[in-house]
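Let's take a walk through a protein together. Keep the picture open beside you as you read.

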Amino acid sequence: MLSSIFFFFRKNISLNLLLKQFIFNMDNTKLYVGNLSYDMTEQELKEYFESIGEVTHAKIIFDESTSNKRSKGFGFIEMSNEENAKQAIEKLNGTEFMGRNIIVSAARPRTRKDY
């Protein structure tokens, strides 16, 4: 159903952006985490964020096109509630973890690439 809504608003970009923003604001528990060490595991990432609160999901993005499937240096965390997500942004953004200053921000919806 959601895809049909996006298709309907495809021609009107401003309405499409409003709809995406509305859907994104429904769940503010997902966080983007950037500048991660390439050696970090999802378990290590999850444990780091559990110092703030319960983590329901941790995912590091890997480059599947390389033979060794190396990390792309970023991932996503889903906190159990919105308050924990806000605290994670405030307390962990810019902190050093595994030798790198990580970036923590609210995750944005994926955008469609037209190429």
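## Rings, a helix and a core

Let's start with an aromatic residue: Phe76 has a relative accessibility of 31%, so it counts as partly exposed. Keep in mind that what you're looking at is a predicted model.

Phe76 has a partner. The ring of Tyr32 has its centre 6.0 Å from that of Phe76, and the planes sit at 65 degrees, so this pair is edge-to-face. Tyr32 belongs to strand E1 and Phe76 to strand E3, so the pair ties together parts that are 44 residues apart in sequence. Tyr32 is partly exposed too, with a relative accessible area of 27%. Ring pairs also bring in Phe74, making a cluster of Tyr32, Phe74 and Phe76.

Searching the whole structure turns up five aromatic pairs. Here are two of them, side by side:

| Pair | Ring centres | Plane angle | Kind |
|---|---|---|---|
| Tyr32 and Phe76 | 6.0 Å | 65 degrees | edge-to-face |
| Tyr48 and Phe97 | 3.9 Å | 15 degrees | stacked |

The Tyr48 and Phe97 pair links distant parts of the chain: Tyr48 sits in helix H3 and Phe97 in strand E4, 49 residues apart. Is Phe97 buried or exposed? Phe97 is buried, as its relative accessible area is 13%.

Tyr38 gets company of another sort. Arg70 lies over the face of its ring, 3.8 Å from the ring centre, and Arg100 lies over the face of Tyr38 as well, at 5.5 Å.

Now for helix H3 itself, which spans residues 42-49 and has Leu45, Tyr48 and Phe49 as its buried residues. They cover an arc of only 90 degrees around the axis, so they end up on the same side of H3. What do they pack against? The list includes strands E1, E2 and E3, along with helix H4. Glu47 is in H3 too, but with 47% relative accessibility it counts as partly exposed.

Two of those H3 residues turn up again in the largest nonpolar core, which has 19 residues: Leu45 and Phe49 are among the members that touch the most others, together with Leu31, Val33, Ile77 and Met79. E1, H3, E2, E3 and H4 each give this core at least two residues. In soluble globular proteins, nonpolar side chains tend to be buried together.

Finally, step back. The protein has four helices and six strands, in the order α-α-β-α-β-β-α-β-β-β from the N terminus. Buried residues make up 27% of its 115 residues.

Notes. Residues are numbered from 1 along each chain as its sequence is written. This is a predicted model: local features need pLDDT of at least 70, side-chain atom pairs count only at pLDDT 80 or more; totals for chains, interfaces and linings use all residues. Side-chain values use heavy atoms; hydrogens and water are left out. Buried means under 20% relative accessible area, exposed over 50%, partly exposed in between (1.4 Å probe, protein chains only). The arc is that of the directions from the helix axis to the C-beta atoms. Contact means heavy atoms within 4.5 Å. A nonpolar core is a set of buried Ala, Val, Leu, Ile, Met, Phe, Trp, Tyr and Cys residues joined through side-chain atoms within 4.5 Å. Rings of Phe, Tyr and Trp (its six-membered ring) pair if their centres lie within 6.5 Å; planes under 30 degrees apart count as stacked, over 60 as edge-to-face and the rest as tilted. A charge sits over a ring if NZ of Lys or CZ of Arg is within 6 Å of the ring centre and within 35 degrees of the ring normal.
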